Amino acid sequence: MTQVIFLNGGSSSGKSGIVRCLQAVLPGPWLAFGVDTLVEAMPASMRASDAGIELAPDGEVIVGPEFRTLEAAWIEGIAAMARAGARVIIDEVFLGGADSQQRWQKALGELQVLWVGVRCDGAIAAGREIARGDRVAGMAMSQADVVHRGMVYDLEVDTTHAESMECARAIAVHVR
C-alpha cells in the first residue's frame, strides 16, 4: 500500500493545487506537508539569514547549516508519521537534485513511496509566480528544470496545460 506520495517540482509548478485535489480524490485521509510548511514554521530570523534560508533578488534560494539541521529533523518526523500509519503527501522543491531525493529515501526507508515529478514550462510557471504575488520574481524560471536533474520518478505529470485535478487523477491511478 502506498504510504507516501512525493511531489517534486519547481516553484509555481502547481504542486499545492495537485495536493489539494489528491486529498479530495484519494480514499481515506492524507496529510499534506510541503517545504513551505517547514519554512513558515521557522523563526522569522532564519528566513533572512545565511545560517537559515535566504531568497536572493534573482529568485535563487540559498540554504545554510541551521536550515539543514531543522530540515533533517523535519524529514525524520514526517517519515515517523508515515511509519506510524499516517498516509502523507509531500510537496517539495529539490534544489539539490538527486542528493535531495537520497536524503528523503534514506529517511523513508522501507515505506512504500510514489515518486512524482511535477513539470511545468518555466515561462508558464513564471506567469503564475507573478499572479501569486508571494514569490521572488525569477524563482519559478530558475527552478523549472534544475529540480528534476538526476531524479528518478515513478510517474511524471505536466501542469503546463493540464489542470490540477487532471494531474491528481493521473497520480491516483498509481496509488495502491
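**Group meeting: strands, cores and spaces in a predicted model**

I'll start with the strands: β1 and β5 run parallel and are joined by five bridges. Before going on, note that this is a predicted model. Two of those pairings, by residue: Leu7 has Asp91 as its bridge partner in β5, and Asn8 has Glu92 there.

β1 has another partner, β6, again parallel and again with five bridges. On that side, Asn8 is bridged to Gly117 of β6. So much for β1 and its partners.

β5 also pairs with β2, residues 31-34, in the parallel sense, over four bridges. Within that pairing, Gly34 has Asp91 as its bridge partner in β5. Asp91 is also the β5 partner of Leu7, from β1.

Next, how covered are these strands? In a regular strand the side chains alternate between the two faces of the sheet. For β1, one side carries Val4, Phe6 and Asn8 and the other carries Ile5 and Leu7, and all of these are buried. That is five of five residues in β1. β5 gives five of five buried residues as well. There, Val88, Ile90 and Glu92 point one way, while Ile89 and Asp91 point the other way. Note that the buried residues of β5 include Glu92 and Asp91.

On to packing. In soluble globular proteins, nonpolar side chains tend to be buried together. Here the largest nonpolar core has 25 residues, and the ones with the most contacts inside it are Phe6, Trp104, Leu108 and Trp115. Which elements give two or more residues to this core? They are β1 (4-8), α2 (35-41), α3 (65-83), β5 (88-92), α4 (98-108) and β6 (113-119). The biggest contribution is from α3, with six residues.

There is also a second, separate core, of 19 residues, which includes Cys21, Trp30, Val116 and Cys167.

Back to the largest core, and to Leu108 as an example. What does Leu108 contact, leaving aside neighbours within four places in sequence? The list is Val4, Phe6, Ala79, Arg83, Val113 and Trp115. Of these, Phe6 and Trp115 are also among the residues with the most contacts inside the core.

One residue from a helix, for contrast. Met165 is in helix α7, residues 164-172. Is Met165 buried or exposed? Its relative accessibility is 26%, so Met165 counts as partly exposed. Apart from residues up to four places away in sequence, Met165 touches Cys21 and Val25. Cys21 is one of the residues of the second core. As a distance, Met165 and Ala72 are 31 Å apart in space, C-alpha to C-alpha, and 93 residues apart in sequence.

Now the loop between β1 and α1, which holds Ser11 and Ser12. α1 itself is residues 15-25. Ser11 has a relative accessibility of 6%, so Ser11 counts as buried. Outside its neighbours within four places in sequence, Ser11 is in contact with Ala125, Arg135, Met139, Ala140 and Gln143. Ser12 is buried too, with a relative accessible area of 6%.

The backbone at Ser12 deserves a remark. Most residues other than glycine have a negative phi, and most peptide bonds are trans. Ser12 is not a glycine, yet its phi is positive, at about 65 degrees.

Last topic, empty space. Rolling a probe the size of a water molecule over the atoms shows where empty space is left. How many cavities of 30 Å³ or more does a search of the whole structure find? One. The largest cavity holds about 30 Å³ of space. Its lining is Gly10, Ser11, Ser13, Val118, Arg119, Cys120, Ala125, Ala140 and Ala144. By class, that lining has five nonpolar, three polar and one charged residue. Ser11 from the loop is part of this lining, and two of the residues Ser11 contacts, Ala125 and Ala140, line the cavity as well.

The largest pocket has a volume of about 870 Å³. It is lined by 43 residues, and those nearest its centre are Val35, Asp36, Val39, Val93 and Arg135. The lining of this pocket divides into 17 nonpolar, 13 polar and 13 charged residues. Arg135, named there near the pocket's centre, is also a contact of Ser11. That is where I'll stop.

Definitions and conventions: Residues numbered from 1 in each chain as written. Predicted model: local features only at pLDDT ≥ 70, side-chain atom pairs only at ≥ 80, totals over all residues. Heavy atoms only, no water. Core = buried A, V, L, I, M, F, W, Y, C linked by side-chain atoms within 4.5 Å. Buried < 20%, exposed > 50% of the residue type's maximum accessible area, 1.4 Å probe, protein only. Contact = heavy atoms within 4.5 Å. 1 Å grid on protein atoms, 1.4 Å probe; cavity = no way out; pocket = protein on both sides within 12 Å on 5 of 7 lines; lining within 4 Å. Points joined across faces, edges and corners; volume = space filled by probe spheres on them. Nonpolar A, V, L, I, M, F, W, Y, C, P; charged D, E, K, R; others polar. Pairing = 2+ DSSP bridges.
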